[in-house]
Amino acid sequence: MRVIGFAGSGHRRGATSRRRTTSLLALVGACLLSLTVPQTASGEPAADTVATGFAIPFSGAPGYEHLAPTQMTSPGQLNQPLGQQAADEIAGQIGLNRADALSEQQYRDLTSGGGVGGSLEDAEVINACVQILTNTNGRPVYSNVDGNSTPSVLASYGLYVNPSGQLESPANADAPTRQVNPLLAPGGFVGTWMRNNGATQTLIALYQSAYTVQAVYGFASQQISGAAQLVTNTKGGVSSEVGMSMAPPLWIVNFALLYILNPSLAAAMPARWAPIPSAVADAVKSSPTGQVPFSDYASYFQ
(Lines give C-alpha, C1' and ligand atoms only; values in the text may rest on other atoms or scores of the structure.)
Protein backbone atom coordinates (compact mmCIF):
# COMPACT_ATOMS: atom_id res chain seq x y z
CA MET A 1 0.00 0.00 0.00
CA ARG A 2 2.28 2.62 -1.11
CA VAL A 3 1.36 5.76 -2.88
CA ILE A 4 2.40 8.09 -5.47
CA GLY A 5 6.05 8.24 -6.35
CA PHE A 6 6.76 11.74 -7.48
CA ALA A 7 9.58 14.13 -7.33
CA GLY A 8 10.81 17.49 -7.45
CA SER A 9 12.41 20.55 -8.64
CA GLY A 10 15.85 19.27 -9.63
CA HIS A 11 16.20 19.55 -13.39
CA ARG A 12 19.64 18.20 -14.33
CA ARG A 13 19.13 15.30 -16.74
CA GLY A 14 22.54 14.33 -18.10
CA ALA A 15 23.65 10.79 -18.92
CA THR A 16 25.26 10.38 -15.50
CA SER A 17 22.00 11.25 -13.72
CA ARG A 18 20.05 8.85 -15.90
CA ARG A 19 22.45 6.01 -15.19
CA ARG A 20 22.38 6.78 -11.47
CA THR A 21 18.58 6.83 -11.38
CA THR A 22 18.37 3.53 -13.28
CA SER A 23 20.81 1.97 -10.83
CA LEU A 24 18.82 3.19 -7.83
CA LEU A 25 15.55 1.91 -9.25
CA ALA A 26 17.10 -1.49 -9.96
CA LEU A 27 18.43 -1.64 -6.40
CA VAL A 28 15.01 -0.93 -4.92
CA GLY A 29 13.41 -3.54 -7.17
CA ALA A 30 15.93 -6.13 -5.98
CA CYS A 31 15.25 -5.25 -2.34
CA LEU A 32 11.51 -5.62 -2.80
CA LEU A 33 11.94 -9.05 -4.32
CA SER A 34 14.25 -10.30 -1.60
CA LEU A 35 12.15 -8.86 1.27
CA THR A 36 15.31 -8.40 3.29
CA VAL A 37 17.51 -5.45 4.13
CA PRO A 38 20.16 -4.83 6.77
CA GLN A 39 18.80 -2.70 9.56
CA THR A 40 21.89 -0.53 9.20
CA ALA A 41 21.18 0.18 5.54
CA SER A 42 23.16 2.94 3.87
CA GLY A 43 21.76 6.34 4.64
CA GLU A 44 19.79 5.17 7.69
CA PRO A 45 20.52 7.03 10.92
CA ALA A 46 21.69 5.25 14.02
CA ALA A 47 18.83 3.32 15.57
CA ASP A 48 16.60 5.46 17.77
CA THR A 49 14.31 2.72 18.99
CA VAL A 50 11.04 3.48 20.69
CA ALA A 51 8.46 1.14 22.18
CA THR A 52 5.63 1.82 19.76
CA GLY A 53 3.95 -1.56 20.18
CA PHE A 54 4.51 -2.56 16.56
CA ALA A 55 6.63 -5.63 15.82
CA ILE A 56 8.97 -6.30 12.91
CA PRO A 57 8.28 -5.92 9.98
CA PHE A 58 5.35 -3.63 10.91
CA SER A 59 7.62 -1.36 12.96
CA GLY A 60 9.92 -0.71 10.02
CA ALA A 61 13.58 0.25 10.27
CA PRO A 62 14.41 1.09 13.92
CA GLY A 63 16.10 4.37 13.06
CA TYR A 64 12.88 5.80 11.65
CA GLU A 65 10.15 4.25 13.78
CA HIS A 66 10.03 7.24 16.14
CA LEU A 67 9.03 9.54 13.27
CA ALA A 68 5.74 7.76 12.57
CA PRO A 69 2.48 8.65 14.35
CA THR A 70 1.97 7.39 17.89
CA GLN A 71 -1.36 6.31 19.34
CA MET A 72 -3.68 9.17 20.18
CA THR A 73 -4.05 10.02 23.86
CA SER A 74 -7.09 12.32 23.74
CA PRO A 75 -10.25 12.48 21.58
CA GLY A 76 -9.21 15.84 20.13
CA GLN A 77 -6.25 14.20 18.38
CA LEU A 78 -8.45 11.92 16.28
CA ASN A 79 -7.93 12.52 12.55
CA GLN A 80 -5.95 15.70 13.20
CA PRO A 81 -3.47 16.50 10.41
CA LEU A 82 0.25 16.87 11.00
CA GLY A 83 0.56 20.50 10.01
CA GLN A 84 3.28 21.97 7.84
CA GLN A 85 5.92 22.57 10.48
CA ALA A 86 5.83 18.96 11.67
CA ALA A 87 5.80 17.70 8.09
CA ASP A 88 8.89 19.73 7.19
CA GLU A 89 10.71 18.48 10.30
CA ILE A 90 9.90 14.85 9.52
CA ALA A 91 10.94 15.33 5.90
CA GLY A 92 14.32 16.61 7.03
CA GLN A 93 14.85 13.57 9.24
CA ILE A 94 14.11 11.13 6.44
CA GLY A 95 16.38 12.93 3.99
CA LEU A 96 14.04 15.22 2.04
CA ASN A 97 13.41 18.96 1.87
CA ARG A 98 11.18 21.36 -0.02
CA ALA A 99 13.68 21.65 -2.87
CA ASP A 100 12.97 17.98 -3.60
CA ALA A 101 9.27 18.57 -4.28
CA LEU A 102 7.71 18.95 -7.70
CA SER A 103 7.34 22.47 -8.98
CA GLU A 104 3.80 23.81 -9.10
CA GLN A 105 3.71 23.21 -12.85
CA GLN A 106 5.01 19.65 -12.53
CA TYR A 107 2.46 18.96 -9.81
CA ARG A 108 -0.39 20.25 -11.96
CA ASP A 109 0.81 18.33 -14.99
CA LEU A 110 1.27 15.00 -13.23
CA THR A 111 -2.07 15.12 -11.44
CA SER A 112 -4.01 16.22 -14.53
CA GLY A 113 -2.51 13.79 -17.03
CA GLY A 114 -0.33 16.46 -18.61
CA GLY A 115 3.38 16.78 -19.33
CA VAL A 116 5.44 14.53 -21.59
CA GLY A 117 3.88 11.06 -21.52
CA GLY A 118 1.12 12.09 -19.12
CA SER A 119 -1.85 9.81 -18.48
CA LEU A 120 -5.26 10.93 -17.26
CA GLU A 121 -6.07 7.39 -16.13
CA ASP A 122 -2.92 7.15 -14.02
CA ALA A 123 -3.44 10.67 -12.71
CA GLU A 124 -6.87 9.64 -11.43
CA VAL A 125 -5.30 6.76 -9.48
CA ILE A 126 -2.73 9.13 -8.02
CA ASN A 127 -5.36 11.68 -7.00
CA ALA A 128 -7.47 8.97 -5.37
CA CYS A 129 -4.43 7.88 -3.35
CA VAL A 130 -3.88 11.42 -2.14
CA GLN A 131 -7.50 11.73 -1.08
CA ILE A 132 -7.40 8.47 0.89
CA LEU A 133 -4.12 9.20 2.67
CA THR A 134 -5.11 12.75 3.63
CA ASN A 135 -8.60 11.82 4.84
CA THR A 136 -8.16 13.95 7.97
CA ASN A 137 -10.38 16.62 9.54
CA GLY A 138 -11.60 19.01 6.88
CA ARG A 139 -10.83 16.54 4.06
CA PRO A 140 -13.70 14.01 3.99
CA VAL A 141 -14.04 11.22 1.47
CA TYR A 142 -17.49 10.98 -0.10
CA SER A 143 -18.92 7.54 -0.90
CA ASN A 144 -22.19 6.03 -2.06
CA VAL A 145 -23.62 4.54 1.13
CA ASP A 146 -27.07 2.99 0.63
CA GLY A 147 -27.72 5.35 -2.24
CA ASN A 148 -26.63 8.49 -0.40
CA SER A 149 -23.46 10.53 -0.86
CA THR A 150 -21.91 10.14 2.58
CA PRO A 151 -18.78 11.82 4.00
CA SER A 152 -16.31 9.97 6.20
CA VAL A 153 -13.05 10.89 7.94
CA LEU A 154 -11.11 7.82 9.06
CA ALA A 155 -7.41 8.37 8.38
CA SER A 156 -6.27 7.88 11.99
CA TYR A 157 -7.82 4.41 11.98
CA GLY A 158 -6.00 3.42 8.80
CA LEU A 159 -9.35 2.84 7.12
CA TYR A 160 -11.42 4.47 4.37
CA VAL A 161 -14.77 4.02 2.66
CA ASN A 162 -14.51 3.14 -1.02
CA PRO A 163 -16.82 4.69 -3.65
CA SER A 164 -19.35 1.87 -3.34
CA GLY A 165 -19.65 2.23 0.44
CA GLN A 166 -17.36 -0.57 1.62
CA LEU A 167 -15.14 0.03 4.64
CA GLU A 168 -11.61 -1.28 4.13
CA SER A 169 -7.92 -0.75 4.75
CA PRO A 170 -6.14 1.47 2.21
CA ALA A 171 -3.90 -1.56 1.63
CA ASN A 172 -6.87 -3.65 0.46
CA ALA A 173 -6.41 -5.12 -3.01
CA ASP A 174 -9.44 -3.06 -4.11
CA ALA A 175 -7.95 0.28 -3.09
CA PRO A 176 -6.20 2.79 -5.38
CA THR A 177 -3.50 2.99 -2.71
CA ARG A 178 -2.70 -0.66 -3.48
CA GLN A 179 -3.36 -0.53 -7.20
CA VAL A 180 -0.89 2.33 -7.60
CA ASN A 181 2.07 0.05 -6.85
CA PRO A 182 2.74 -0.90 -10.51
CA LEU A 183 2.92 2.80 -11.34
CA LEU A 184 5.67 3.15 -8.72
CA ALA A 185 7.64 0.06 -9.66
CA PRO A 186 11.01 0.38 -11.45
CA GLY A 187 10.26 1.16 -15.08
CA GLY A 188 6.71 2.17 -14.22
CA PHE A 189 4.75 5.26 -15.15
CA VAL A 190 5.87 7.53 -12.31
CA GLY A 191 9.62 7.13 -12.74
CA THR A 192 9.33 7.43 -16.51
CA TRP A 193 7.18 10.56 -16.26
CA MET A 194 9.63 12.16 -13.85
CA ARG A 195 12.64 11.51 -16.05
CA ASN A 196 10.76 12.88 -19.06
CA ASN A 197 9.60 16.01 -17.26
CA GLY A 198 12.70 17.41 -15.59
CA ALA A 199 12.40 15.69 -12.21
CA THR A 200 15.31 13.23 -12.37
CA GLN A 201 17.19 14.73 -9.45
CA THR A 202 14.11 14.51 -7.26
CA LEU A 203 13.67 10.88 -8.19
CA ILE A 204 17.21 10.35 -6.97
CA ALA A 205 16.46 12.24 -3.76
CA LEU A 206 13.45 10.01 -3.10
CA TYR A 207 15.46 6.81 -3.45
CA GLN A 208 18.28 8.17 -1.30
CA SER A 209 15.79 8.95 1.48
CA ALA A 210 14.24 6.63 4.08
CA TYR A 211 11.71 5.67 1.41
CA THR A 212 14.00 2.93 0.10
CA VAL A 213 14.56 0.98 3.32
CA GLN A 214 11.02 1.54 4.59
CA ALA A 215 9.48 0.32 1.32
CA VAL A 216 11.06 -3.08 1.91
CA TYR A 217 9.54 -3.39 5.39
CA GLY A 218 6.22 -2.15 4.06
CA PHE A 219 6.19 -4.67 1.24
CA ALA A 220 6.97 -7.51 3.65
CA SER A 221 4.20 -6.32 5.99
CA GLN A 222 1.63 -6.37 3.22
CA GLN A 223 2.56 -9.86 2.10
CA ILE A 224 1.76 -11.42 5.48
CA SER A 225 -1.41 -9.51 6.32
CA GLY A 226 -4.04 -11.31 4.25
CA ALA A 227 -7.15 -9.68 2.83
CA ALA A 228 -7.83 -7.51 5.89
CA GLN A 229 -4.49 -5.64 5.80
CA LEU A 230 -4.74 -4.68 9.46
CA VAL A 231 -1.86 -4.51 11.95
CA THR A 232 -1.87 -5.62 15.57
CA ASN A 233 -0.32 -3.23 18.08
CA THR A 234 0.50 -4.51 21.56
CA LYS A 235 1.67 -2.11 24.24
CA GLY A 236 1.29 -2.18 28.00
CA GLY A 237 -0.42 -5.55 27.73
CA VAL A 238 -3.17 -4.10 25.53
CA SER A 239 -3.62 -5.24 21.92
CA SER A 240 -5.50 -3.34 19.25
CA GLU A 241 -5.82 -3.20 15.48
CA VAL A 242 -5.13 -0.39 13.05
CA GLY A 243 -5.06 -0.22 9.27
CA MET A 244 -1.81 -0.93 7.44
CA SER A 245 -1.42 2.69 6.31
CA MET A 246 -0.70 3.73 9.91
CA ALA A 247 2.08 1.19 10.51
CA PRO A 248 5.41 3.06 10.66
CA PRO A 249 7.06 1.85 7.43
CA LEU A 250 3.97 2.35 5.25
CA TRP A 251 3.19 5.70 6.82
CA ILE A 252 6.72 6.96 6.17
CA VAL A 253 6.74 5.61 2.61
CA ASN A 254 3.48 7.38 1.89
CA PHE A 255 4.68 10.52 3.63
CA ALA A 256 7.80 10.66 1.46
CA LEU A 257 5.78 10.20 -1.71
CA LEU A 258 3.24 12.85 -0.79
CA TYR A 259 5.94 15.26 0.33
CA ILE A 260 7.74 15.21 -2.99
CA LEU A 261 4.42 15.57 -4.79
CA ASN A 262 3.51 18.62 -2.72
CA PRO A 263 4.66 19.30 0.87
CA SER A 264 1.23 20.64 1.81
CA LEU A 265 -0.27 17.21 1.11
CA ALA A 266 2.12 15.48 3.51
CA ALA A 267 1.08 18.06 6.10
CA ALA A 268 -2.52 16.82 5.77
CA MET A 269 -1.66 13.24 6.75
CA PRO A 270 -2.83 12.01 10.18
CA ALA A 271 -0.62 12.93 13.11
CA ARG A 272 -1.81 10.10 15.42
CA TRP A 273 -3.25 6.64 14.96
CA ALA A 274 -6.41 5.35 16.63
CA PRO A 275 -7.39 1.75 17.48
CA ILE A 276 -10.14 0.40 15.26
CA PRO A 277 -13.19 -0.49 17.39
CA SER A 278 -12.86 -4.20 18.12
CA ALA A 279 -16.21 -5.15 16.56
CA VAL A 280 -15.19 -3.44 13.34
CA ALA A 281 -11.72 -4.98 13.30
CA ASP A 282 -13.17 -8.45 13.89
CA ALA A 283 -15.63 -7.98 11.03
CA VAL A 284 -12.94 -6.81 8.62
CA LYS A 285 -10.67 -9.71 9.55
CA SER A 286 -13.53 -12.18 9.13
CA SER A 287 -14.47 -10.87 5.69
CA PRO A 288 -12.98 -12.87 2.79
CA THR A 289 -12.46 -9.59 0.92
CA GLY A 290 -11.33 -7.50 3.88
CA GLN A 291 -14.35 -5.25 3.32
CA VAL A 292 -17.56 -4.62 5.26
CA PRO A 293 -20.51 -2.30 4.52
CA PHE A 294 -19.83 1.08 6.10
CA SER A 295 -23.54 1.50 6.80
CA ASP A 296 -23.35 -1.44 9.23
CA TYR A 297 -20.45 0.03 11.21
CA ALA A 298 -20.64 3.81 10.81
CA SER A 299 -22.02 4.22 14.34
CA TYR A 300 -18.74 2.98 15.78
CA PHE A 301 -16.96 6.04 14.41
CA GLN A 302 -19.36 8.70 15.61
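I take contact to mean heavy atoms within 4.5 Å, and I count as helices the DSSP runs of H or I with at least four residues, as strands those of E with at least two, numbered from the N terminus. The model is predicted, so I note that local features need pLDDT of at least 70 and side-chain atom pairs pLDDT 80 or more, while totals for chains, interfaces and linings use all residues. Residues are numbered from 1 along each chain as its sequence is written, and side-chain values use heavy atoms, with hydrogens and water left out.

**Entry 1, helix H2.** I looked up which residues of H2 (84-94) are buried (under 20% relative accessible area, exposed being over 50% and partly exposed in between, with a 1.4 Å probe and protein chains only), and found Ala87, Ile90, Ala91 and Ile94. Seen down the axis of H2, these fall within an arc of 105 degrees (taken from the directions from the helix axis to the C-beta atoms), so they line one face of the helix. Their cover includes H10 and H11, whereas the face turned away carries the exposed residues Gln85 and Gly92. After H2 comes Gly95, with a positive phi near 100 degrees.

**Entry 2, the largest core.** I then turned to the largest nonpolar core (buried Ala, Val, Leu, Ile, Met, Phe, Trp, Tyr and Cys residues joined through side-chain atoms within 4.5 Å), which has 57 residues, with Ile94 and Ile252 among those having the most contacts inside it. H10 supplies its largest share, 11 residues.

**Entry 3, Asn162.** I found Asn162 in the loop between strands E4 (160-161) and E5 (166-168), buried at a relative accessible area of 3%. Beyond its neighbours within four places in sequence, Asn162 contacts Ser143, Glu168, Asp174 and Gln291.
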